[in-house]
Amino acid sequence: MVLIGGISTNSLNKRFFAALEKLPEANGFDFTVFDIASLPFYSQDVENTPPESVLALSELAAASDGVLIVTPEYNRSIPGVLKNALDWGSRPPGANIWAHKPTAIIGASTGAIGTFGAQQHLRNICSWLDMPVMNQPTVYFNASTGMMDAAGRTTADGDRLYESSAGFLGSFLDAFARWIKTFPK
Ligand code: FNR
């Protein structure tokens, strides 16, 4: 399953994932993106009578071999809407849907550090959620240095990565596939 932390229609990270999904190394994956914008704000009032979208999140997690998190960086951390999704999945106590799910983190931003701050925070959160996060390779995708064009498109046609990026990102996906296989289902 895939969580994308950017929910705007033209989200950089949605476009980044769309480009990632088109790499040949993505062929062995069956990615399903969960729309985190479908979730209400977490509230303990409704924890035991969760809305349909929360049940859908749990069902998708149960059916998934791993979790790919594609995160933007907001103020050197992750977007609140992504934390909201992770919080929902962690409740109620004893029913943490994220536990033991092999996980990989990747992200794109327009800032110089390419989501480094967000990813470091996210690693802390995932540690508490008992998610085994792949350590290497790390990908901090700075969308302002020529890997994407000025409009944030991955290429002129908007759906492919430049060759230098594609090779590196392909190795990230290969490593994630190997990471998932090291954990029993
Ligand atoms: C940003 N942006 C940003 N970029 C970055 O590299 N480091 C940061 O700390 C921040 N902080 C930040 C806060 C907030 C509230 C916003 C809205 C934006 C810029 C960010 O990289 C850019 O808006 C991307 O397009 C965000 O990705 P999505 O949401 O389009 O996928």
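## A ligand beside a five-stranded sheet

A backbone N or O atom of Leu-12 sits 2.9 Å from an oxygen atom of the ligand. That contact is a good place to begin a tour of this structure, which is a predicted model. On its own the ligand would expose 620 Å², and the protein buries 69% of that.

### Around the ligand

Who are the ligand's neighbours? The residues around the ligand are Gly-6, Ser-11, Leu-12, Asn-13, Pro-72, Glu-73, Tyr-74, Asn-75, Arg-76, Ser-109, Thr-110 and Gly-111. Three polar contacts to the ligand are set side by side here.

| Residue | Atom of the residue | Partner | Distance |
|---|---|---|---|
| Leu-12 | backbone N or O atom | oxygen atom of the ligand | 2.9 Å |
| Ser-109 | polar side-chain atom | oxygen atom of the ligand | 2.8 Å |
| Gly-111 | backbone N or O atom | oxygen atom of the ligand | 3.1 Å |

Leu-12 and Ser-109 are 97 residues apart along the chain, yet their C-alpha atoms are separated by 7.3 Å. Leu-12 belongs to helix 1. Is Leu-12 buried or exposed? Leu-12 counts as buried because its relative accessibility is 15%, and the cut-off for buried is under 20%.

### The protein as a whole

Stepping back, the protein has five helices and five strands. Read from the N terminus, its elements follow the order β-α-β-α-β-α-β-α-β-α. Of its 185 residues, 49% count as buried. The accessible surface of the protein comes to about 9200 Å², and carbon and sulfur atoms account for 54% of it. Among contacts between residues at least 6 apart in sequence, 77% join residues at least 24 apart.

### The sheet

The five strands form an open sheet in the order 2-1-3-4-5, with parallel pairing. Its edges are strand 2 (33-34) and strand 5 (140-142), each of which pairs on one side only. In general, the strands of a sheet pair through backbone hydrogen bonds, either parallel or antiparallel.

Strand 4 can be followed across the sheet in both directions. Strand 3 and strand 4 run parallel and are joined by four bridges; here Leu-68 has Ala-104 in strand 4 as its bridge partner. Strand 4 (residues 103-109) also pairs with strand 5 in the parallel sense, over three bridges. On that side, Ala-108 stands opposite Phe-141 in strand 5.

How many residues of strand 4 are buried? Seven of its seven residues are. Both faces are covered, with Thr-103, Ile-105, Gly-107 and Ser-109 buried on one side and Ala-104, Ile-106 and Ala-108 buried on the other.

### Helices against the sheet

Helix 1 (residues 12-21) lies across strand 1 (2-4), strand 2, strand 3 (67-70), strand 4 and strand 5, and runs at about 120° to strand 4. Helix 4 (residues 116-128) packs on the sheet as well, touching strand 3, strand 4 and strand 5, and its direction makes about 155° with that of strand 4.

Helix 1 is mostly covered, with seven of its ten residues buried. These are Leu-12, Asn-13, Arg-15, Phe-16, Phe-17, Ala-19 and Leu-20. Their cover includes strands 1, 2, 3, 4 and 5 together with helix 5 (163-181). At the start of helix 1, a side-chain oxygen of Ser-11 reaches to within 3.1 Å of the backbone nitrogen of Asn-13.

Helix 3 has buried residues of its own: Leu-82, Asn-84, Ala-85, Leu-86, Trp-88 and Gly-89. What covers them includes strand 1, helix 2 (52-63), strand 3 and helix 4.

### Glu-73, a buried loop residue

One more of the residues around the ligand deserves a visit: Glu-73. Glu-73 is found in the loop between strand 3 and helix 3 (80-89). With a relative accessibility of 14%, Glu-73 counts as buried.

Which backbone nitrogens does the side chain of Glu-73 reach? One belongs to Gly-117, at 2.8 Å. Another is that of Ala-118, which lies 2.8 Å from a polar atom of the Glu-73 side chain. Leaving out residues up to four places away in sequence, Glu-73 touches Ser-109, Ile-113, Thr-115, Phe-116, Gly-117 and Ala-118. Ser-109 appears here once again, having already been met through its polar side-chain atom, 2.8 Å from an oxygen atom of the ligand.

How values were computed. Residues numbered from 1 in each chain as written. Predicted model: local features only at pLDDT ≥ 70, side-chain atom pairs only at ≥ 80, totals over all residues. Heavy atoms only, no water. Pairing = 2+ DSSP bridges. Helix = DSSP H or I, 4+ residues; strand = E, 2+ residues; numbered from the N terminus. Contact = heavy atoms within 4.5 Å. Axes fitted to C-alpha atoms, helices over the stretch in contact; angles between N-to-C directions. Buried < 20%, exposed > 50% of the residue type's maximum accessible area, 1.4 Å probe, protein only. Polar contact = N/O pair within 3.5 Å; in protein donor to acceptor, adjacent residues only side chain to side chain. Near = heavy atom within 4 Å. Areas by Shrake-Rupley, 256 points an atom, 1.4 Å probe, with all protein chains shown as cover.
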